[in-house]
Amino acid sequence: MGPSQKPNVCGRLSRRALGFFSRDAGMVQRTNLGILRALVCQESTKFKNVWTTHSKSPIAYERGRIYFNNYRCCVSSVASEPRKLYEMPKCSKSEKIEDALLWECPVILELGHSARSHCCQVSSEQRFNIGPAGRHSTACFAVPCSVPCATFFTHRDSGDQQRGDVYLSPQIFGNVTDATLSHGILIVMYSSGLVRLYSFQAITKQFMQQKLDLGCACRWGGTTGTVGEAPFGIPCNIKITDTPPLLFEVSSLENAFQIGGHPWHYIITPNKKKQKGVFHICALKDNSLAKNGIQEMECCSLESDWIYFHPDASGRIIHVGPNQVKVLKLSEVENNSAQHQISEDFVILANREKNKNENLPTVTASGRVVKRSFTILDDDPEQETFKIVDYEDELDLLSVVAVTQIDAEGKAHLDFHCNEYGTLLKSIPLMESWDVTYSHEVYFDRDLVLHIEQKPSRVFSCYVYQMVCDPGEEEETTDKRSKRDHNNFRF
């Protein structure tokens, strides 16, 4: 299908029944998502603000669920009005929820991380105790097993050797400033900008002292207890006594480092302050710079542009600036399959009118001609500026939030672009004002758009939009519901 052709929903619906029982569930799912994409992008489809709520504590969103009261209260975003799924009991005075993680497995497990001791709350029924709390700790989920297993590690010693984590000793790793675990890789970062990668699988194989199973009895350090229950917690069963094999290391400004592409490449910024905003794309196998691999967006703005590998696993790269979104592709150099090059796949431009007075000279009262000594910033609030770029993987759409300051009020709209060609397919105005000085998050999830805003004095607002295919019939009831929700739903 070419970039100018629009899918026909009726055609998709008529084809849907063909082979319905002969195709597997995956094919049916893809067909349904194709129909939903066509419905989302068709001209008559609107997105209406069905409800709004406000809170004094942070609001979070993940996979159709909205979390309030520091993750204690979970609300479904699918219904046309807030529907509480569950609310965990209040913490005791000696506890508070500090963070939360989503454990993805066949059964969804929400985790709360409390401050008094490392406790994981699984749903609202099961609770694991990790051990005494300590500063500078990180929780990661590492090894697949019948019951998902959490790995906790720290790079500062609290003096308590019976901890529920893996201690990154400075005698072995040096003075670590941060560390994380991703896709089985232990990533260690240093204040100098150095980033080192280690295989966590090799570390567990070499340094694991004893295998532990959550909920099972265990004897450790002369004490017998149940793994995951207080006060036994989860013992530190990985003791790294020697430097593990180094997979890769590189130096980058502010430890900025990404891996992706086909074949593997990485993106860094040279480790000098004057290089901020300059990105180098290099081959992972030999650190060679790709042809056209230095990417620098020529813009004058207060906020920096950003770059990352496209999450659609295509190997492409997304480079976002205040007035353009570049989608770059990685390909072999002609007649040299060993080297790869970066080229533009497509570019999305902000809708801006050229300032007619930008290049005009100024004439003083005496008749002297004075040339302009300044230019308008590329992220000037009075011009349409890109703030958020995301990818909806199930509908294969790029979503772009563009904001323009109109008088004293900012207005935003969410645009859906074809992920293959960059063609604009749909634009959705956000009804609430957008203050560029506030913190914003926008989520596009199938037929749902959700905007979370943090205002001064820790006031959080959540605006929920849902797809409406027949706006004429829904408009009146939606307006009434929205008015009621503005008044009643507070968390």
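Trainee: Between which strands is the loop that holds Pro263?

Mentor: Pro263 sits in the loop between strand 19 (257-260) and strand 20 (265-268). Strands are DSSP runs of E with at least two residues, helices are runs of H or I with at least four, and both are numbered from the N terminus. This is a predicted model, in which local features need pLDDT of at least 70 and side-chain atom pairs count only at pLDDT 80 or more, while totals for chains, interfaces and linings use all residues. Residues are numbered from 1 along each chain as its sequence is written, and side-chain values use heavy atoms, with hydrogens and water left out.

Trainee: What makes the bond between His262 and Pro263 worth a remark?

Mentor: The peptide bond joining His262 and Pro263 is cis, with omega about -5°. Most peptide bonds are trans. Ala230 and Pro231 are also joined by a cis bond, with omega about 0°; Pro231 lies in the loop between strand 17 (223-226) and strand 18.

Trainee: Why is Arg63 called exposed, and Arg458 partly exposed?

Mentor: Buried means under 20% relative accessible area, exposed means over 50%, and partly exposed is in between, with a 1.4 Å probe and protein chains only. Arg63 has a relative accessible area of 56%, so Arg63 is exposed. Arg458 has 46%, so Arg458 is partly exposed.

Trainee: What is the phi of each of these two arginines?

Mentor: Phi of Arg63 is near 50°, a positive value in a residue other than glycine. Arg458 also has a positive phi near 50°. Most residues other than glycine have a negative phi. Arg63 is in the loop between strand 2 (60-62) and strand 3 (65-68); Arg458 is in the loop between strand 34 and strand 35.

Trainee: How do you know that strand 34 pairs with strand 35?

Mentor: Two strands pair if DSSP finds at least two bridges between them. Eight bridges join strand 34 to strand 35, in antiparallel fashion, so the criterion is met. His451 stands opposite Tyr463 of strand 35. The two strands form a hairpin with three residues between them, and Ser457 in that turn has a positive phi of about 60°. Strand 34 also pairs with strand 33, antiparallel over seven bridges, and there His451 is opposite Val442.

Trainee: Why is strand 34 (residues 448-455) described as mostly covered?

Mentor: Six of the eight residues in strand 34 are buried.

Trainee: What makes the set around Val40 a nonpolar core?

Mentor: A nonpolar core is a set of buried Ala, Val, Leu, Ile, Met, Phe, Trp, Tyr and Cys residues joined through side-chain atoms within 4.5 Å. The largest one has 22 residues, among which Val40, Phe416 and Val449 touch the most other members. Helix 2 (25-41) gives the most to this core, with four residues. Val40 is among the buried residues of helix 2, as are Leu33 and Leu36. Leaving aside residues up to four places away in sequence, the contacts (heavy atoms within 4.5 Å) of Val40 include Phe47, Phe416 and Met467.

Trainee: How do you know that the length of helix 2 agrees with its residue count?

Mentor: The expected span of a helix is 1.5 Å times one less than its number of residues. For the 17 residues of helix 2 the span should be 24 Å, and the end C-alpha atoms are 24 Å apart, so the two agree.

Trainee: What makes the sheet of strands 13, 14, 15 and 18 open, and which strands are at its edges?

Mentor: The four strands form an open sheet in the order 13-14-15-18, with antiparallel pairing. Strand 13 (176-182) and strand 18 (246-251) are the edges, each pairing on one side only. Five bridges join strand 14 to strand 15, and one bridge pair is Met189 with Val195 of strand 15. Helix 4 (residues 200-207) packs on this sheet at about 60° to the direction of strand 15; axes are lines fitted to C-alpha atoms, for helices over the stretch in contact, and angles run from 0 to 180 degrees between N-to-C directions.

Trainee: Where is Ser192, and which residues does Ser192 contact beyond four places in sequence?

Mentor: Ser192 is in the loop between strand 14 (185-190) and strand 15 (194-199). Beyond its sequence neighbours, Ser192 contacts Ser251 and Asn271.
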